[in-house]
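Here is a short set of exercises with worked solutions. Have your viewer ready and try each task before reading on.

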Amino acid sequence: MKKLLSAIPFLLMALCFINWQSQQFPVTKTDAEWKKSLTTEQYNILRQKGTERAYTGAYWNNHAKGTYVCAACGQTLFSSDTKFESGTGWPSFYQPINKKAVIEQTDNSAGMQRTEVLCSRCGGHLGHVFDDGPQPTGLRYCMNSAALNFIKQ
C-alpha cells in the first residue's frame with residue numbers, strides 16, 4: 001500500500017503532462033522540430049516543463065526597458081514595465097502584457113499544487129503564477145529566463 005501511495009504524485013504528473021500534450025495550440029511542431037529549433041535548456045523548460053536554477057537565467061536581473069516574448073514562438077508575453085524585484089532569482093512580473101497571451105492551469109507536480117503558466121500560442125511552459133506579488137494585481141508571474149527572449153526598446 002505504501003508503494004502505491006508513493007506512486008500517486010508521479011501518476012498525477014504524468015496525467016497532467018498527457019493532458020497538456022493533447023491540447024491544441026495555433027503553433028504546433030513535432031518533438032523533433034522543437035528539439036531542432038530550441039536549445040537543450042529551452043527544450044527542457046518549454047516542452048518538458050523543467051525549471052532553471054534560481055539566479056542563473058539571463059533575465060532575473062535585467063533592468064532594461066523592452067518586451068519579453070516566448071522563446072519558442074515569439075508571442076509577446078510581458079512588458080518590462082510590469083517586471084519587479086521578487087528576490088526569487090527568476091524574472092517576475094505582476095501581469096502579462098495581454099491576459100490572452102498566457103494560459104493558466106493547475107499543476108500538481110513536485111508534491112504541491114501551483115498554477116502553471118503556458119504560452120497560449122505554442123503551449124510552451126513559461127513558469128508559475130503566485131498570489132504574493134505587488135499591487136495592482138497582487139500576482140507574481142515567476143518565469144524561466146530560458147523560456148523568454150528579450151526585445152530591447
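**Exercise 1.** Find how strand E5 (residues 102-107) and E6 are joined, and which residue stands opposite Gln105.

*Solution.* Start with the pairing: E5 and E6 run antiparallel and are joined by six bridges. Two strands count as paired if DSSP finds at least two bridges between them. Helices (H or I, at least four residues) and strands (E, at least two) are themselves DSSP runs, numbered from the N terminus. Next, look across from Gln105: Glu116 in E6 is the residue opposite. Finally, follow the chain from one strand to the other: E5 and E6 make a hairpin with six residues between them, and Ala110 in that turn has a positive phi of about 60°.

Before going on, a word on the source: this is a predicted model, in which local features need pLDDT of at least 70 and side-chain atom pairs count only at pLDDT 80 or more, while totals for chains, interfaces and linings use all residues. Residues are numbered from 1 along each chain as its sequence is written, and side-chain values use heavy atoms, with hydrogens and water left out.

**Exercise 2.** Trace the pairing onward from strand E6 (residues 114-119) to E7, and then to strand E8 (residues 140-143).

*Solution.* First, E6 pairs with E7 in the antiparallel sense over four bridges. Glu116 has His128 of E7 opposite, and Leu118 has His125 as its bridge partner in E7. Here too the strands form a hairpin, with five residues between E6 and E7; Gly123 in the turn has a positive phi of about 80°. Then move to the next pair: E7 and E8 run antiparallel and are joined by four bridges, with Val129 opposite Tyr141 in E8.

**Exercise 3.** Are E6 and E7 mostly covered or mostly open?

*Solution.* Take relative accessible area with a 1.4 Å probe and protein chains only: buried is under 20%, exposed is over 50%, and partly exposed is in between. In E6, five of its six residues are buried, so the strand is mostly covered by this definition. In E7 (residues 125-130), five of the six residues are buried as well.

**Exercise 4.** How many salt bridges does a search of the whole structure find? Describe some of them.

*Solution.* The criterion is a side-chain nitrogen of Lys or Arg within 4 Å of a carboxyl oxygen of Asp or Glu. The search finds six, including these:

- Asp107 and Arg114 have their closest N and O atoms 3.4 Å apart. Asp107 is buried at 8% relative accessibility, and Arg114 is buried at 18%.
- Asp31 and Lys35 have their closest N and O atoms 3.8 Å apart. Both lie in helix H2 (residues 31-37), four residues apart, about one turn of the helix. Asp31 is partly exposed at 42%, and Lys35 is partly exposed at 49%.
- Lys65 and Asp81 have their closest N and O atoms 3.2 Å apart. The pair links distant parts of the chain, 16 residues apart. Lys65 is partly exposed at 46%.

**Exercise 5.** Which residues does Ser79 contact, leaving aside its neighbours within four places in sequence?

*Solution.* Locate Ser79 in strand E2, where it is buried at 15% relative accessibility. With contact meaning heavy atoms within 4.5 Å, the partners of Ser79 are Gly66, Tyr68, Phe93 and Ile97. Lastly, check its side chain: the side chain of Ser79 reaches the backbone nitrogen of Asp81 at 3.0 Å.

Methods
Polar contact = N/O pair within 3.5 Å; in protein donor to acceptor, adjacent residues only side chain to side chain.
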